[in-house]
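Trainee: I have a model open and would like to learn how to read it piece by piece. Can we go through it together?

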Amino acid sequence: MKDRYDLKKDGFCGRWFEGTTNRDKVVIAIPGTGTAEENMMKLLGYIPRAGFSMLVIGHSVWNEDLPSDPIQVPLDYVEKAIALLKQNGFNHFAMFGVSFGARYDLICASMFKDIEVVISASPYDYITESVKGITKPLNCSTITYKGKDLPYIDVEILHHNLLGDCIKLLFAKGYGTGNMMRWGYNSCIEEEKARVHCENITADILLLAPAVDDCWPSDVAVPRIEKRIKEAGKVKRLKTVIYPQGSHIIALDLDATPDRKKKMQSMLTMEKKNPVACDKARQDSMKEVIDFLTDWDISG
């Protein structure tokens, strides 16, 4: 395996870290929105430090070959990555993601049976449209497969009088600039065509979410996902952890990126309200990730 993979040459942008004590367990990690390449390596560094192999696949921001935002991100990246890993003798694959990456992982796990474990932190279970920045809707899906958009729902507020809705936001009970994104996603009309079919997943699943999510409805989605998975009865190992005082940013080593941590603490309502509790939730959730991967049985 190479240390670095290129979109034009290899079919995906990626960074490879070969494991030590848990080398045969490969974690395919998908970033969230707006995280530069080197920051992502720091945020995820705790996974290879625990001995696991890790392939981080970039979808935006990293370089000039990728868009500035998650726009029509191909699921094909993971398909190509798994094929490559198999060619190099790796056969056991987990997926890990936070926010956008968490939803992307669930979609992959619902479609690709090679995935044995999925760890999804602050996910949403509906595919939404691509947005440039936080205000410009692009009328296309955030996710594609084999060159075609997966069905998606609009972020409705962006198709209306945005200025008027922003004024409403400032006066809406429970909302403000610290959870502006949640205001936007709450405007989505959840249609069945765009739902992530979590009931098709057969992989072991760890679901993590804050009790109140400032960015999108993971707090609503996770109990819903858990219910569907239990009803389907296809998953042997399922664990859900809700963090009463956590924020959207969980299961990432935010202390490794002080500038980004400062930014999150200045932006998100939950981070402003109780930064100590948010830090503890991150530490606890990182331990949950490592414990879940450690308990992953690849002997059979």
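Mentor: Let's begin with strand pairing. This is a predicted model, and in it strand 12 and strand 13 pair in the parallel sense, over six bridges. In strand 13, the bridge partner of Ile-205 is Leu-238.

Trainee: What lies on the other side, and in which sense does strand 7 pair with strand 12?

Mentor: Strand 7 and strand 12 are parallel as well, with five bridges between them. For a landmark, find Ser-120, which stands opposite Leu-207 in strand 12.

Trainee: How many residues of strand 12 are buried?

Mentor: Seven of the seven, counting along residues 204-210, so the strand is largely enclosed by the rest of the structure. Look at the side chains too: Asp-204, Leu-206, Leu-208 and Pro-210 point one way, while Ile-205, Leu-207 and Ala-209 point the other way, and all are buried.

Trainee: Now the whole sheet. What is the strand order?

Mentor: It's an open sheet of eight strands, ordered 1-2-4-3-6-7-12-13, and the pairing is mixed. Strand 1 (4-5) and strand 13 (238-243) stand at the edges with a single partner strand each, so one side of each has no neighbour in the sheet.

Trainee: How do strand 1 and strand 2 run relative to each other, parallel or antiparallel?

Mentor: Antiparallel, joined by two bridges, with strand 2 covering residues 13-17. The bridge partner of Tyr-5 in strand 2 is Gly-14.

Trainee: While we're at strand 2, what does Phe-17 touch?

Mentor: Phe-17 sits in strand 2 and is partly exposed, with a relative accessible area of 26%. Leaving out residues up to four places away in sequence, Phe-17 touches Met-41, Pro-48, Phe-52, Ser-53, Met-54 and Val-56. If you want a distance to try in your viewer, Phe-17 and Tyr-145 are 26 Å apart, C-alpha to C-alpha, and 128 residues apart in sequence.

Trainee: On to helices. How do I read which side of one faces inward?

Mentor: The general idea is that an α-helix has 3.6 residues a turn, so residues three or four places apart point the same way. Now take helix 9 (residues 258-267), where Arg-260, Lys-261 and Met-264 are buried. Seen down the axis of helix 9, its buried residues fall within an arc of 100 degrees, so they line one face of the helix.

Trainee: Which exposed residues does the face of helix 9 turned away from its buried side carry?

Mentor: Pro-258, Asp-259 and Lys-262. As for what covers the buried residues of helix 9, that includes helix 2 (37-43), helix 10 (269-273) and helix 11.

Trainee: Arg-282 is in helix 11. Is Arg-282 buried or exposed, and what does its relative accessibility say?

Mentor: Arg-282 lies in helix 11, residues 275-294, and counts as buried because its relative accessibility is 3%, where the cut-off is under 20%. The side chain of Arg-282 reaches the backbone oxygen of Ile-249 at 2.9 Å. Setting aside neighbours within four places in sequence, the contacts of Arg-282 include Ser-247, Ile-250, Leu-254 and Glu-271.

Trainee: And backbone angles? What should catch my eye?

Mentor: Most residues other than glycine have a negative phi. Ser-122 has a positive phi of about 60 degrees although it is not a glycine. Ser-122 is in the loop between strand 7 (115-121) and strand 8 (129-132), and counts as buried at 0% relative accessibility. Lys-146 also has a positive phi, near 55 degrees. Lys-146 belongs to the loop between strand 10 (143-145) and strand 11 (148-149) and is exposed, with a relative accessible area of 53%.

Trainee: Let's zoom out. How many helices and strands are in the protein chain?

Mentor: The protein chain has 11 helices and 13 strands. For overall shape, compare the radius of gyration with a rule: a compact globule of 300 residues would be near 19 Å, and the protein chain has 18 Å, which agrees. Of those 300 residues, 55% count as buried. Among contacts with a separation of 6 or more, residues 24 or more positions apart account for 73%.

Definitions and conventions:
Residues are numbered from 1 along each chain as its sequence is written. This is a predicted model: local features need pLDDT of at least 70, side-chain atom pairs count only at pLDDT 80 or more; totals for chains, interfaces and linings use all residues. Side-chain values use heavy atoms; hydrogens and water are left out. Helices (H or I, at least four residues) and strands (E, at least two) are DSSP runs, numbered from the N terminus. Buried means under 20% relative accessible area, exposed over 50%, partly exposed in between (1.4 Å probe, protein chains only). A polar contact is a pair of N or O atoms within 3.5 Å; within protein, one must be able to donate a hydrogen and the other to accept it, and residues adjacent in sequence count only if both atoms are side-chain atoms. Contact means heavy atoms within 4.5 Å. The arc is that of the directions from the helix axis to the C-beta atoms. The radius of gyration is taken over C-alpha atoms; the globule rule is 2.2 Å times the number of residues to the power 0.38. Two strands pair if DSSP finds at least two bridges between them.
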